[in-house]
Amino acid sequence: MKRWIAGVAAAVCVGVGAVWAQNAPEAIGPQEAAVLAAACFNCHGPEGVGQGPIPAIAGMPAEQLVAMLNAFKANEVPGATIMGRLARGYDDAEIAAIAAYFAGDFE
Ligand code: HEC
């Protein structure tokens, strides 16, 4: 009986550890950041320079871009159409990397 409980406890600990490791923000390097940022080019134009009615995001300071993406995520931007849904797809580390990319912080 004791052994059975220890086995279950160990399995739970391993499971929680794996989930925690997945969610822990890790610094993302320039290459992966470029891949993440490329997902924005379709709408925001090549390198995020803006396209039609869609605003430019290239050269935006990283703190501003992080704040905007978190505001979209939290549904705090009135009139937003698609960005809320998109922003919710990224965790903090990914948002930081995307922001650093468009701010030019990797260069
Ligand atoms: C499907 C098209 C589409 C994609 C893909 C897209 N955006 Fe947007 N983005 C928009 C639209 C449209 C707006 C205007 C707000 C709205 O309607 O949601 C916007 C607005 C923004 C704004 C606010 C800019 C400002 O000055 O008001 C930021 C920041 C932004 N997007 C960042 C990003 C980032 C970073 C990515 C890539 C992870 C991205 N967007 C991908 C369509 C897109």
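Start by selecting M83 and the ligand: a backbone N or O atom of M83 lies 3.0 Å from a ligand oxygen atom. Keep in mind that you're looking at a predicted model.

Next, add T81. An N or O atom in the T81 side chain is 2.5 Å from an oxygen atom of the ligand. Then click on H44, where a polar side-chain atom lies 2.8 Å from a ligand nitrogen atom.

Now show everything around the ligand. You should get 19 residues, and besides H44, T81 and M83, the closest include C40 and C43. Color this shell by residue class: 17 are nonpolar and two are polar, with no charged residues.

Which helices should you highlight here? Helix 2 (30-44), helix 3 (62-73) and helix 4 (83-87) each bring at least two residues to the shell around the ligand.

Time to hide the ligand and look at the space around it. The ligand sits in the largest pocket, whose volume is about 600 Å³. A total of 23 residues line this pocket; select H44, I54, F72, I82 and M83 to see the ones closest to its centre. Helix 2, helix 3 and helix 4 turn up again, as the elements that give two or more residues to the pocket lining.

Last stop: color the pocket lining by class. How many of its residues are nonpolar, polar or charged? The lining has 20 nonpolar and three polar residues, and no charged ones.

How values were computed:
Residues numbered from 1 in each chain as written. Predicted model: local features only at pLDDT ≥ 70, side-chain atom pairs only at ≥ 80, totals over all residues. Heavy atoms only, no water. Near = heavy atom within 4 Å. Polar contact = N/O pair within 3.5 Å; in protein donor to acceptor, adjacent residues only side chain to side chain. 1 Å grid on protein atoms, 1.4 Å probe; cavity = no way out; pocket = protein on both sides within 12 Å on 5 of 7 lines; lining within 4 Å. Sits in = over half its atoms within 2 Å of the grid points. Helix = DSSP H or I, 4+ residues; strand = E, 2+ residues; numbered from the N terminus. Nonpolar A, V, L, I, M, F, W, Y, C, P; charged D, E, K, R; others polar. Points joined across faces, edges and corners; volume = space filled by probe spheres on them.
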